[in-house]
Amino acid sequence: MTTAAIRQKLAHYLQIADDKKIKAVYTLLESEINGEERISLDQYNKEIDAAMEEVKRGEVYTHEEVVRLSKKW
């Protein structure tokens with residue numbers, strides 16, 4: 001499928017999709033839409049380290065909790 005065809009399909013879909021799906025698509029693309037630049041490798045590593053510390057402290061969700069929470073979206 002050509003890029004032009006994909007653009008056309010996406011444009012059509014965005015016109016008919018429900019609000020929840022539009023918000024999900026926007027969230028997925030938000031940083032690019034807002035022109036935000038990629039973070040540096042140093043910042044990326046700091047965020048990974050912070051996330052690993054959260055895991056060590058037990059600040060995580062189980063798979064079952066994520067499934068339960070996602071049903072509320």
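**Exercise 1. Work out whether Lys 56 is buried or exposed, and find its salt-bridge partner.**

Step 1: Lys 56 has 64% relative accessibility, so it counts as exposed. The cut-offs are under 20% relative accessible area for buried, over 50% for exposed, and partly exposed in between, with a 1.4 Å probe and protein chains only.

Step 2: Now look for a partner. The side chain of Lys 56 meets that of Glu 53 in a salt bridge, at 3.6 Å from N to O. To count, a side-chain nitrogen of Lys or Arg must lie within 4 Å of a carboxyl oxygen of Asp or Glu.

Step 3: Check the spacing. Glu 53 and Lys 56 are 3 residues apart in helix α3, so about one helical turn separates them. Glu 53, at 37% relative accessibility, is partly exposed.

A quick note on the model: it is predicted, local features need pLDDT of at least 70, side-chain atom pairs count only at pLDDT 80 or more, and totals for chains, interfaces and linings use all residues. Residues are numbered from 1 along each chain as its sequence is written, and side-chain values use heavy atoms, leaving out hydrogens and water.

**Exercise 2. Find how many salt bridges the whole structure has, and go through the ones not yet covered.**

Step 1: A search of the whole structure turns up 3 salt bridges. Side chains of opposite charge can pair when their charged atoms come close.

Step 2: Take Asp 42 and Lys 46, whose side chains meet at 3.4 Å, N to O. They sit 4 residues apart in helix α3, so again the separation is about one helical turn. Asp 42 is partly exposed at 48%, and Lys 46 is partly exposed at 47%.

Step 3: Then there's Glu 59 with Arg 57, where the closest N and O atoms are 3.0 Å apart. Glu 59 is partly exposed at 46% relative accessibility, while Arg 57 is exposed at 52%.

**Exercise 3. Say which residues form the nonpolar surface patch, and place Leu 41.**

Step 1: The patch is made of Ile 39, Leu 41, Tyr 44, Ile 48 and Met 52, with about 510 Å² of accessible area together. Patch residues have over 30% relative accessible area and no salt bridge; like charges are joined within 9 Å, and nonpolar side chains (Val, Leu, Ile, Met, Phe, Trp, Tyr) within 5 Å. Areas come from the Shrake-Rupley method with a 1.4 Å probe, and for residues only the protein chains shown count as cover.

Step 2: Leu 41 belongs to helix α3, residues 41–56. Helices are DSSP runs (H or I, at least four residues), numbered from the N terminus. Leu 41 is exposed, at 63%.

Terms used:
Helices (H or I, at least four residues) and strands (E, at least two) are DSSP runs, numbered from the N terminus.
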